[in-house]
Amino acid sequence: MTTILGIPGSLRRGSFNRALLEAARALMPEGAQLEVAGLDGIPLYDGDVEASQGIPAAVTALKDRIAAADGIVVATPEYNGSMPGVLKNAIDWCSRPPEDQARVLRDRPVAMLGATPGRLGTILAQDAWLGVVRTLRMRPWYQGRLMVSAVHDLLDDEGRLVDSNTRDQLRAFMAGFVAFVDD
Ligand SMILES: Cc1cc2nc3c(=O)[nH]c(=O)nc-3n(C[C@H](O)[C@H](O)[C@H](O)COP(=O)(O)O)c2cc1C
């Protein structure tokens with residue numbers, strides 16, 4: 001079984017990016033599963049805290065889930081034309097200590113997608129992640145792109161992704177990424 005870890009880059013209970021990943025759970029290809037990890041409990045990075053107390057428990061838990069996954073899918077919101085601080089902060093923590101990067105992030109297959117009520121589908125946020133992914137020497141999947149615009153029009157009253165076109169795109173995106181991971 002191929003296990004993909006989805007990381008929604010938002011703490012918001014009604015997060016559209018989390019909704020995208022929740023929808024993807026049921027759209028995975030045969031032989032693959034998607035787990036979703038939250039960012040709750042991850043404090044702001046503080047080098048003094050790291051030096052005196054080590055890696056916070058919530059960060060260690062996320063790092064271990066990333067390390068156990070065959071690949072990760074990051075659902076990034078876009079804030080002011082870039083990635084949101086809460087998500088960047090979590091990935092920064094996950095890159096600590098540097099000696100643990102090989103276990104957690106290096107060569108880890110990664111794909112980006114994102115949803116916004118706006119019109120450009122988080123393309124700027126997704127592109128902003130490329131430099132981070134390169135710095136961490138992850139293995140990005142470039143073949144698929146999924147940028148979901150006007151996402152509020154694509155969900156039902158319970159926040160479930162019901163738009164069939166977007167569901168098809170999400171299914172194809174996940175199948176492509178799983179094929180890349182399994183290759
Ligand atoms: C500080 C801030 C900046 C934002 N900047 C952008 C932006 O540059 N582009 C965009 O498409 N949406 C922007 N938005 C709107 C977000 O796409 C929207 O809040 C979205 O719901 C966030 O993702 P989530 O639903 O997963 O929490 C911004 C929102 C906030 C709070």
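Okay, let's start at the ligand: one of its oxygen atoms sits 2.8 Å from a polar backbone atom of Gly-81. On its own the ligand has 620 Å² of accessible area, and the protein covers 69% of that. Before I go on, keep in mind that this is a predicted model.

Two side chains also reach the ligand. Ser-15 puts a polar side-chain atom 2.6 Å from a ligand oxygen, and Asn-17 does likewise with a polar side-chain atom at 2.8 Å from a ligand oxygen. The full list of residues around the ligand is Ser-10, Arg-12, Ser-15, Phe-16, Asn-17, Pro-77, Glu-78, Tyr-79, Asn-80, Gly-81, Thr-116 and Pro-117. If you sort that shell by class, you get 4 nonpolar, 6 polar and 2 charged residues.

Stay with Ser-15 for a second, as there's another contact to show. Ser-15 caps the N-terminal end of H1, with a side-chain oxygen 3.1 Å from the backbone nitrogen of Asn-17. So which residues of H1 are buried? They are Asn-17, Ala-19, Leu-20, Leu-21, Ala-23 and Ala-24. As a reminder, an α-helix has 3.6 residues a turn, so residues three or four places apart point the same way. The cover over the buried residues of H1 includes strand E1 (2-8), E2, E3, E4, E6 and H7.

That takes us to the inside of the protein. The largest nonpolar core has 30 residues, and the ones touching the most other members are Ile-4, Val-73, Leu-113, Leu-170, Phe-173, Met-174 and Phe-177. Helix H1 (16-25), strand E2 (32-36), strand E3 (71-75), strand E4 (109-115) and helix H7 (164-182) each give two or more residues to this core. Which of them gives the largest share? That would be H7, with 7 residues.

Let me zoom in on Phe-173. Beyond its neighbours within four places in sequence, Phe-173 is in contact with Val-73, Ala-111, Met-112, Leu-113, Trp-141, Gly-144, Arg-145 and Leu-146. Apart from this core there's another one, of 26 residues, including Ile-7, Ile-66, Ala-90 and Val-133.

Next, a glycine: Gly-71, in strand E3. Is Gly-71 buried or exposed? Its relative accessible area is 0%, so Gly-71 is buried. Look at what Gly-71 touches once you skip residues up to four places away in sequence: Thr-3, Ile-4, Leu-5, Arg-108, Pro-109, Phe-177 and Val-181. Ile-4 and Phe-177 should sound familiar from the list of core residues that touch the most other members. For a sense of scale, Gly-71 and Gly-41 are 30 residues apart along the chain, and their C-alpha atoms are separated by 23 Å.

Over to helix H6, residues 123-135. Its buried residues are Ala-125, Gln-126, Trp-129, Val-132 and Val-133. Among the elements covering them are helix H4 (85-94), E4, strand E5 (139-140) and strand E6 (147-148).

After H6 comes the loop to E5, where you'll find Leu-136. Leu-136 counts as buried because its relative accessibility is 9%, and the cut-off for that is under 20%. Leaving out residues up to four places away in sequence, Leu-136 touches Ile-91, Ser-95, Gln-101, Leu-105 and Arg-106. Arg-137 is in that loop between H6 and E5 too, and its phi is near 55°, a positive value in a residue other than glycine.

Gln-101, from that contact list, deserves its own look. Gln-101 sits in helix H5 (residues 101-104). With a relative accessible area of 16%, Gln-101 is buried. Its side chain reaches the backbone oxygen of Ser-95 at 3.0 Å. Outside its neighbours within four places in sequence, Gln-101 is in contact with Ser-95, Arg-106 and Leu-136.

A couple of backbone points to check in your viewer, and then I'm done. The peptide bond from Arg-96 to Pro-97 is cis, with omega near -15°, and Pro-97 is in the loop between H4 and H5. Asp-107 lies in the loop between H5 and E4, with a positive phi near 65°, and it's not a glycine. Is Asp-107 buried or exposed? Asp-107 counts as exposed, because its relative accessibility is 53%.

How values were computed:
Residues numbered from 1 in each chain as written. Predicted model: local features only at pLDDT ≥ 70, side-chain atom pairs only at ≥ 80, totals over all residues. Heavy atoms only, no water. Helix = DSSP H or I, 4+ residues; strand = E, 2+ residues; numbered from the N terminus. Buried < 20%, exposed > 50% of the residue type's maximum accessible area, 1.4 Å probe, protein only. Polar contact = N/O pair within 3.5 Å; in protein donor to acceptor, adjacent residues only side chain to side chain. Contact = heavy atoms within 4.5 Å. Near = heavy atom within 4 Å. Areas by Shrake-Rupley, 256 points an atom, 1.4 Å probe, with all protein chains shown as cover. Nonpolar A, V, L, I, M, F, W, Y, C, P; charged D, E, K, R; others polar. Core = buried A, V, L, I, M, F, W, Y, C linked by side-chain atoms within 4.5 Å.
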